[in-house]
Every structure is written in structure tokens, then in C-alpha cells.
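Here are a few exercises to work through with the model open in your viewer. Try each one before you read its solution.

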Amino acid sequence: MKKGRIILEKERFQLTLERLCHQLIESYDDFTDTCLIGIQTSGVVMARRIQKGLAAILSKDDIQSGNLDITFYRDDFRLREKPLAPSNTTIDFNIEGKRVILVDDVLYTGRTIQAAMSALQDHGRPRQVEMLTLVDRRFNRHLPIRADYVGITVDSVDEAYVQVNWEEADGSDKVLLFGAKNIV
Amino acid sequence: MSGSQLSTRHVLGIKYLTEADIRLIFKTAKNFKEVINRPIKKVPSLRDVTVANLFFENSTRTRLSFELAEKRLSADVVNFSASSSSVKKGETLLDTVNNILSMKVDMVVMRHPAPGAAYFLSQHIDANIINAGDGTHEHPTQALLDAYSMQEQVGDLKGKKIAIIGDILHSRVALSNIFCLQKLGAKVQVCGPPTLIPKHIEKLGVSVSYDVRKTLEWCDVANLLRIQLERQDIKYFPSIREYAQYFGIQQELIANTGKKIVIMHPGPINRGVEISSEVADSKDSIILQQVENGVAIRMAILYLLAATR
């Protein structure tokens with residue numbers, strides 16, 4: 001049985017999210033013409049959480065947030081054994097001319113973000129796109145992509161695996177690191 | 001439930017699909033329906049896939065629908081229709097298709113007048129095959145889009161009563177519909193003049209009626225079929241006028257049942273024969289929604305097959 005090591009437990013997890021909210025407020029002030037876009041599936045949970053956090057700090061509940069599914073945009077579609085099951089895309093506002101904050105829980109190879117950016121283009125032309133992630137695995141990138149707001153940075157070998165658990169979906173907030181063949 | 005993958009490499013007929021396959025296609029189609037209602041209706045999923053549309057028989061709707069589905073998935077598309085090709089010069093089906101495959105085609109969408117043509121092809125060539133109608137045998141994509149459209153109207157089809165009215169004998173849509181609806185747990189009744197209902201069709205587990213009034217009283221959804229004069233080499237009923245009087249669906253027939261019946265038709269419709277203009281344009285008719293769903297269903301099938309290679 002593989003057992004992961006907790007690298008961010010509940011309290012610090014929530015503190016990190018709060019810090020990310022404050023960083024966003026620093027650059028986006030009152031979030032006019034700004035929206036959060038969560039990438040399906042766990043990025044959506046995170047975007048909701050950030051939206052809630054911002055609402056609490058700013059006492060403002062009209063910050064827009066949408067869900068983006070990138071299944072049809074993946075570049076490894078025909079390389080996989082099985083097709084990926086798509087999720088819903090729900091962006092019920094116009095992103096044309098907006099500042100968009102892409103939200104995902106782990107930034108790893110950068111391919112998801114590349115797919116997300118082409119998916120986003122099919123919904124309009126945003127004025128600016130920034131990226132927010134909870135975990136940045138900075139040494140495993142395949143593409144020249146970086147995050148603008150980072151929760152924690154994890155330096156690990158390619159075989160390692162980072163898992164983010166969310167209270168809404170998995171019962172508790174934590175980040176786990178699984179080592180390659182259980183070495184870590 | 002088998003998750004995210006079809007159990008087969010080809011869609012030759014509903015006969016060869018499992019219930020889980022059908023539900024997976026519906027689930028995927030729902031996502032594509034969202035895509036085709038966006039301002040930019042295109043996704044890049046199939047950008048490295050080439051699809052050949054081989055139509056050995058005339059078609060407007062199915063062909064356009066497939067072509068749109070392919071283009072909205074960014075596939076490369078080649079079109080072929082028998083009327084303007086070497087088939088007229090005596091080439092066999094296998095030779096024609098092998099020639100096209102030498103040009104590196106990954107998927108073949110085929111309509112052919114001979115029943116079993118798609119199955120035959122799948123035994124001899126390597127590409128994924130989608131049957132777009134083979135003679136009087138099957139038309140799986142039509143049945144899938146019909147069942148999907150029904151589900152949108154009346155919810156899960158388990159136990160629902162579906163009537164198929166018209167030329168059952170010559171209709172591939174009827175046969176595929178029966179298979180598909182039964183796999184989803186619906187009850188099916190066929191209705192038409194005795195000469196246009198195949199003998200022993202009850203063996204498929206459907207009920208038979210020769211009285212359109214009774215059928216309408218019974219059903220939740222009525223799928224009307226066209227009289228396929230082009231496939232009828234002898235006369236099966238005295239005249240079109242007589243058929244329209246006995247089996248044509250008029251507004252008052254529906255009104256007399258005192259309930260809401262969803263009216264469907266795979267097209268092309270013959271106004272004043274199997275369906276009156278009033279019914280075809282009424283709010284109970286979902287004929288045009290069927291066409292919209294057709295593109296989404298075909299996108300889902302292409303997408304899921306492309307993944308199995």
C-alpha cells in the first residue's frame with residue numbers, strides 16, 4: 001500500500017489559501033472586469049474556495065467564477081489507452097476583454113494550462129490571463145509556462161505524485177506527496 | 001458500467017452496442033451539445049484524424065450532420081458520393097474503399113444500399129467504421145439521436161411507451177430504434193398497414209398494432225416514418241391518399257387522446273402523407289431538435305471511436 005506524506009496539513013492549507021486571496025486583492029483591487037476560471041475537476045473546487053475567501057475578505061459576493069473543461073483540447077488524446085471522460089464547461093458570462101485568473105490545484109507539466117488557454121480562446125479574447133495554483137512542481141515542466149500566484153512549491157522527481165485533498169470532495173484539506181516506488 | 005470507453009471499435013449497428021455504450025455516448029453527447037451552442041463551435045480533439053464519408057446512397061441530413069460533426073472536432077474530411085465516382089465504372093466496394101484507405105484515412109462513415117455492407121467492410125479493413133445506414137438493415141446514429149431526443153423530453157426511457165408508425169418493413173431506422181429503445185428499457189409498439197410490417201416482428205419483443213388511434217392512446221412518444229417508395233418494388237397499399245387517411249397523423253387524432261404526445265420524425269418528412277403540416281409544425285413536434293442532437297451524437301461517436309484507434 002502506498003502511503004503519502006502530508007506536506008501541507010489543514011491549518012497551513014487554509015492559511016495558504018487565505019494568503020493567495022490577499023495576493024489577488026493586491027493586484028486586482030475590487031475585481032472589476034475580472035473573473036476566476038477553475039479547470040475541471042479539482043481546479044473548480046479550488047476556484048469556488050478562492051471565490052468564497054475573497055467574498056469574505058471584501059464582503060463582496062459578485063465575483064464571477066466559471067468552470068472550464070479541457071478534455072476536448074488535450075494534446076495526448078490519441079496517445080492514451082482510454083478516452084478521458086469530459087466534464088461540464090459552465091462559463092455563463094462573457095470573458096471578452098476581461099482579466100482572467102486560471103485556477104488549478106497542481107501545476108506540473110504545464111500541458112493542462114496550455115490546453116486551458118486554447119479552450120479559453122474559444123470563449124472570447126480576454127484582456128489578460130494569469131495563473132493561480134496551490135502546488136507548483138517547478139522542476140517538472142514540459143512547456144514554458146509558470147504560475148503568477150503559488151501556494152507552495154514542491155521540488156520532486158518526475159515519478160513522485162502530488163495529491164490535493166479538498167474538504168468538499170475528499171473530506172479534509174491537505175496536500176500529500178507520494179514518492180516514487182515509496183522511497184520518500 | 002464500463003467507464004469511459006466503448007466496447008467496440010466500430011459502430012455498425014445498435015445490435016453490437018451494449019447499454020453501457022449507449023449511455024456513454026449520451027453522456028458524451030451532452031458535453032458536445034454544450035460545445036455546439038457556444039459562439040465558437042469547434043474543439044481540436046480530432047485534429048490528427050482523417051475521416052472519409054462514403055455515401056453510396058443519397059442523403060442530405062445524415063451527410064451534412066456527419067460532416068459538421070467531423071469539422072467541429074477539427075478532423076480532416078474527404079467526401080465521396082457514388083453518383084460521381086468509379087463505382088459507376090464497375091469497381092467493387094472493397095476495391096473502392098481500399099483505394100481510399102491507401103490515402104491514409106483513419107475512419108470511414110459509410111452509407112450503402114446493401115444490408116450488412118458496413119459489417120462486411122469492418123471484416124476487411126483496418127479503419128474505424130461508422131454505419132450511416134445500410135439498406136433496410138440498421139441506421140445506428142439515427143436511433144441514438146432519436147433515443148437521446150426522447151430522453152430530453154420524457155426523462156429516462158425505462159418503462160416509457162414508444163410507438164413507431166409507418167413503413168416498418170423498409171425502414172432501417174425502425175430496426176435500429178427497436179434495438180436501441182429496448183436496450184434502454186422502453187416498451188415499443190410498431191404500427192402501420194399489415195403489408196408494411198414484417199412478419200414475425202413480435203419475436204423482437206415489440207407489440208404490433210394496425211390501428212393508429214389505439215397506438216396514439218397507448219404511447220408517450222410517436223416516431224413517424226416515411227413511406228420509402230424508392231425501396232418498394234411492388235405496391236403495398238392502394239394509394240398514398242388512402243395511406244394518409246388511415247395512418248397519417250393529424251392534429252385532431254392527437255387532440256382526441258387528450259394527452260401530450262411527443263412527435264418525432266427522422267426526416268425527410270412528406271407533409272400531408274405520414275404527418276400533417278399542422279402536426280409537423282406544432283409545439284409537440286421535436287423534429288428540428290432531433291437534427292440538432294444529431295450533430296452532438298455524431299461528435300460523441302467520432303470522439304469515442306477515435307480514442308480506441
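**Exercise 1.** Which residue in β4(B) does B:V108 stand opposite?

*Solution.* Start with the ground rules: this is a predicted model, where local features need pLDDT of at least 70, side-chain atom pairs count only at pLDDT 80 or more, and totals for chains, interfaces and linings use all residues. Residues are numbered from 1 along each chain as its sequence is written, while chains are lettered from A and ligands numbered from 1 in the order in which they are written.

Now find β3(B) and β4(B), bearing in mind that strands are DSSP runs of E, at least two residues long, and helices are runs of H or I, at least four, numbered from the N terminus. B:V108 stands opposite B:I129. The two strands are parallel and joined by 5 bridges; pairing takes at least two DSSP bridges. To get from β3(B) to β4(B), the chain passes through helix α4 (residues 117-124) of chain B, in a right-handed β-α-β crossover (clockwise from first strand over helix to second, with the strands pointing away from the viewer).

**Exercise 2.** Work out the strand order of the chain B sheet, and find its edges.

*Solution.* Step one: β1(B), residues 50-55, also runs parallel to β3(B), with 5 bridges, and B:V51 has B:M107 as its partner. Step two: 6 bridges tie β1(B) to β2(B), again parallel, with B:T50 opposite B:D76. Step three: put it together, and you get an open sheet of 4 strands, ordered β2-β1-β3-β4. β2 (76-81) and β4 of chain B each have a single partner strand, so they're the edges, with one side of each lacking a neighbour in the sheet.

**Exercise 3.** Is β3(B) enclosed or open to the outside?

*Solution.* Count buried residues, meaning those with 20 or more other C-beta atoms within 10 Å of their own C-beta, placed from the backbone. In β3(B), residues 107-112, that's 6 of the 6, so the rest of the structure largely encloses the strand. Check the faces too: B:M107, B:V109 and B:R111 are buried on one side, and B:V108, B:M110 and B:H112 on the other.

**Exercise 4.** How does the radius of gyration of chain A agree with that of a compact globule?

*Solution.* Take the radius over C-alpha atoms, and use the globule rule of 2.2 Å times the number of residues to the power 0.38. For 184 residues the rule gives a value near 16 Å, and chain A has 16 Å, so the two agree. Those C-alpha atoms fill a box of roughly 45 × 40 × 30 Å along the principal axes.

Technical notes: A residue is buried if 20 or more other C-beta atoms lie within 10 Å of its own, exposed if 12 or fewer, and partly exposed in between; C-beta atoms are placed from the backbone.
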